[in-house]
Amino acid sequence: MENTGAQSLESGSTARSSELIDNWVKDYNRRSQSESDKIKDYGQIHFALNDRTSQYIRYPFKVHNKKYSGAQVNVHEQRQSTDPDEKIVNQSSASMLIKLPHTHLAGSYRTKNYESATHILHLLCDIWQLPPPKLIISVTGGTKFYNLAEKSRISLQKGLFSVAVTTDAWVFTGGTHAGVMKDVGEAFEKWAHESNDRGKAHARVPVIGIVNWHRTTNNEQLKQGVGKRGCEKLYRSRSQQNKSATYSLDPNHTHFILLDGACKSEGKKQEYSIHADNTLALLLKIEREASEKYTVPIIQILINGGHLSLLTVIEAIKNKMPVIVVKMITSKEGFLLINIFSPNPDDSEFELGDVIFNALLRAANMLTPKMSDVHVQKFIWAMTWKKYDMATSDMVKETSKTSWTDNQLDIALINAIQRNSVQFVEFLIQQGASFNRLRQLITITDLYKKEFHLQLPIRNSLIEDSRKPQYYYEEYLNTKAWETTKDLQKNDVSHQANVTTYCTMGFIRDILLWSIFAGSLNLPMCLCSHSPNTIVAALITSKIYKRASELVKKEERIREYRERKKEFDEHAAQIIDKCFSQDENLALNILTTKSELYFDYTPIELAEEAGCRAFLASRCVQTHADQLCQQKRTALERLKDFFIGRAIVRFYYNVIFYIVVLGLFSFVMLVDYFPYNNNGLERSGYPIGIPITEIILHLCIWGLIIEEIVQFQKHYSHNKKNDNSLQTILSSYFLDDAWNTLDAIAIFVYLIGFFTRFIVIEAAFIVSKIFMCIDLCLWYVRILHLFAAYERLGPKLLMIGNTMKDLAFFLVFLIVFLAAYAISSYSLITTSMQVTWNSDGSDLFSQSFTISNNGTGLGEWTLLRNVLGWGIWKIFGQVDLTENEESPDFSISAENDAYGNIAFVLTIIFVCIANVLLLNILVALFNITLIKTTNNVQKDWPYHRFRLVREYWEKSPIPSPLNIIYYIGQLVLKCFRALRKKEGKFFTNKSSQSWQQLQSIV
């Protein structure tokens, strides 16, 4: 699945596709009249040439016989003898447009072609699940001899790829690895990375090959074994034998329809010609049915070729298809549909797309009988080709506005939304298109039926189209959001004063959410501007993108979603600050006002959930934070504040008590931490287990622990209300706020020290004292969190935090060099302590030696400390190699021998790397980080300040350890509230009065 990685999504999609085609084939074979009509071979082709896989099916294609006249047979023989693939279209062949008989594609087999075409289209659309096209491109041309200059060929490939990607086209070819078909396949392999459309560059354009099974080289490699269906078959393209009429399959096509069938007749030549005509008829029928199914145009492209290619063009013209000819060709018949094009490799803007666009426009002018529909179709094509200026000037402004009906404007708006065409959406709304009318024409579920290549991930990718909206809403928002949307779609909003207006605004909201979930790049920002609450719309978009960045695993997608989140965060911040500059009170009220349209969210709540730094750092939100901290109060109210606590008051007395706790903690660790008193002695003048100072310390720390538990419980309840998973809740609590992680570590360390402290064993006391001292360090570091409240100290704290991240990465490199040096050099200089050579007069050639302690006891834990101590101080410039005392009994030094000399050289190299290179790189990294932090300080520090103010606003009115009493009172109050729900059963009037008194006291 997408959210758990691309591989999971691919495997799930493949499994679903395999199941669909298996069932489809079984149903087809069940209805087949004979064994020869059954489908036997289908699955995936794994091309050895480029390690790509494509879908294929060997489709039985039974052709009915038909008697031909002698003249027609002669024409067949002429086409066969001249070899259609060897002839290049030239001036003399123009007459074939008129002279070739039309009876080739007529006859008793046409009905069979229609049935097969419908069946194959069902396979493409519903079983292989190709995305709906906006254009169908059919390419035909030369195979063996393909005379096109290299530069022109490359330009043609670029243009074809650009057109197909821009229009979400289906491309039909002959599917072989030769001539034009080979170049078409290469176009979609080589130029995919050149696409400017990020959303479509990642997808494979459907390139479909309609191929003759008997003309396929090595087709035996594609035969499935007995009892095996739908398997992946390895396909190797072997060299063709001389005079072979077969061709290899092109490895860059995505799908292959391998037509298996022949027409028995009086001769092989006639048989081949008739089969070619049948294949052509079937291809044309598939294209026409696809065009009618999706209401999209067809364009025929002819690149060189021979008689059979000309026959294809004739049939295209007969079926009123525009034709692009990439070679000069003339004709007296059908010239309005033939568009001559010659590729210009020197032109930086390749114009094949414009040629196709103009060809479609000319065909529409000539062939469309209802002129009232022509401008609508032209406008939709202009959106497909992104011809905004042409659409607005030529197709709307020159036509009177009355020629556009409301229905036509709304249909154009639907197409603009589905194509993510922001300019066209804005223009159509200006011209009178209406979202209110649009919701009568299309439902939100209809929009989710369309497949998108970069749609946001969900945990369950194998879901029905009708359930997609529910899964997206529940994954990125909550169940309540989906229930609200369902009620709106049913018009179950009787509580609203103006049902029509509310439904229209709700429809815009749902289109906005659909555009986000579909992965549209620019449309969400456009729809935000048309939402009645733009601020909440932008913030909820930011929240969705934050969630998407948590679900995906690819680093590129994570960065993309984070950038989008930041974009909408800044957009909301700009709007609220502009509102604040015009009316401060209105802007402050907006922050805390729930939006019924957006599922009762408030802007401040959304901003906190999504971590919208720019919004929380805005002037309006900071003013709101100031109001939480301090307001003009009377003397009595200020006295009440000390107990009930405004945020600033709570902050200051919490700081005071926290400093007192740290002082007490330090005192206990220094002079008043002893083993538990289990021998009847006195502690602090009393026969107690631990001193009174330590008892007070534990009460204070447990007060802090309870405060953290309450804080997490509030966070958990809030997120659980939004149906977030436990993993999401934990990650948002600990990863979004590093101080919460530090608190959790400090509490964990304290609990170990606390419980082991009551075990009267020396080892347990050692563990307890060590962990308590480490915990003291962590609580000291925790006080830095309070600096975020001050404008002068807060930015410095951010600088320290960011440079610590640089230091963490730097230490990885430093540890590598340290381990390399310390282990190598230490092992050299300690060799003489481990091995002693008994000299017999030849110092370097002695063969007698003694091993210290017989080689035992050398791998003690002190060795690790000695190795680390030997190397670590060299980083700080201590390079003395002669008197490094490791113990009172002996000292380690680099003697003037081979071991010592090598250790000396290694030390020089290490000091140069560590002191000169690595440390200076670290300083440079710190400098870059400080500059970045300084540039962002006006946005980052207010964000952290708001988080701090919010935290202390929600804390208990009294500090630790007195907060224990406060929370005990809250627990008692909650218990009485639970009982009060059954007041009629358990309470009398007198007890109810007692309840009110208790509540006021608590």
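This report describes the fold, nonpolar cores, aromatic pairs and membrane annotation of one protein chain, taken from a predicted model.

**Overall composition**

The protein chain contains 40 helices and 14 strands, and buried residues account for 48% of its 1002 residues. Among the contacts with a separation of 6 or more, 72% are made by residues 24 or more positions apart.

**Nonpolar cores**

The largest nonpolar core comprises 119 residues, and those with the most contacts inside it are Ile 137, Phe 188, Ile 356, Leu 456, Ile 511 and Phe 615. Helix α21, which runs over residues 534-551, gives the most to this core, with 10 residues. A second, separate core has 42 residues, including Tyr 42, Leu 280, Leu 282 and Met 321. Returning to Phe 188, once its neighbours within four places in sequence are left aside, this residue is in contact with Leu 160, Phe 161, Ala 164, Val 171, Val 205 and Val 207.

**Aromatic pairs and charges over rings**

A search of the whole structure finds 30 aromatic pairs, and two of them are set out below with their geometry.

| Pair | Centre to centre | Angle between planes | Class |
|---|---|---|---|
| Phe 47 and Tyr 235 | 5.7 Å | 80° | edge-to-face |
| Tyr 676 and Phe 758 | 5.6 Å | 65° | edge-to-face |

The pair of Phe 47 and Tyr 235 links distant parts of the chain, with Phe 47 in strand β1 (residues 42-47) and Tyr 235 in strand β6 (residues 232-235), 188 residues apart. Both Phe 47 and Tyr 235 are buried. The pair of Tyr 676 and Phe 758 likewise links distant parts of the chain, 82 residues apart, but through loops: Tyr 676 lies in the loop between α28 (647-671) and α29, and Phe 758 in the loop between α31 (738-756) and α32 (762-782). Tyr 676 has a relative accessible area of 31% and is therefore partly exposed, and Phe 758, with a relative accessible area of 34%, is partly exposed as well. These two residues also belong to a cluster in which ring pairs link Tyr 676, Trp 702, Tyr 750, Phe 754, Phe 755 and Phe 758.

Charged ends are also found over rings: that of Lys 874 sits over the ring of Trp 870, 4.1 Å from its centre, while that of Lys 293 sits over the ring of Tyr 294, 5.6 Å from its centre.

**Annotated membrane spans and their helices**

An unreviewed UniProt entry carries the annotation "transmembrane region" for residues 651-674, 686-706, 741-760, 807-829 and 902-926. In the model, the span of residues 807-829 is 100% helix and 0% strand, with its end C-alpha atoms 31 Å apart. The span of residues 902-926 is also 100% helix and 0% strand, and its end C-alpha atoms lie 34 Å apart.

Helix α29 (residues 692-721) has 30 residues and reaches 43 Å from its first C-alpha to its last, which is close to the 44 Å expected at 1.5 Å a residue. Its buried residues are Glu 694, Leu 697, His 698, Cys 700, Ile 701, Gly 703, Ile 705, Glu 707, Glu 708, Val 710 and Asn 719.

Glu 708 also appears among the contacts of Asp 743, which touches Glu 708, Trp 779 and Arg 782 when residues up to four places away in sequence are not counted. Asp 743 lies in helix α31, and this residue counts as buried because its relative accessibility is 2%, where the cut-off for buried is under 20%.

Terms used: Residues numbered from 1 in each chain as written. Predicted model: local features only at pLDDT ≥ 70, side-chain atom pairs only at ≥ 80, totals over all residues. Heavy atoms only, no water. Helix = DSSP H or I, 4+ residues; strand = E, 2+ residues; numbered from the N terminus. Expected span 1.5 Å × (residues − 1). Buried < 20%, exposed > 50% of the residue type's maximum accessible area, 1.4 Å probe, protein only. Core = buried A, V, L, I, M, F, W, Y, C linked by side-chain atoms within 4.5 Å. Contact = heavy atoms within 4.5 Å. Phe/Tyr/Trp six-rings, centres within 6.5 Å; stacked < 30°, edge-to-face > 60°. Lys NZ or Arg CZ within 6 Å of the ring centre and 35° of its normal. UniProt positions renumbered as here; feature names shortened; annotations may be inferred.
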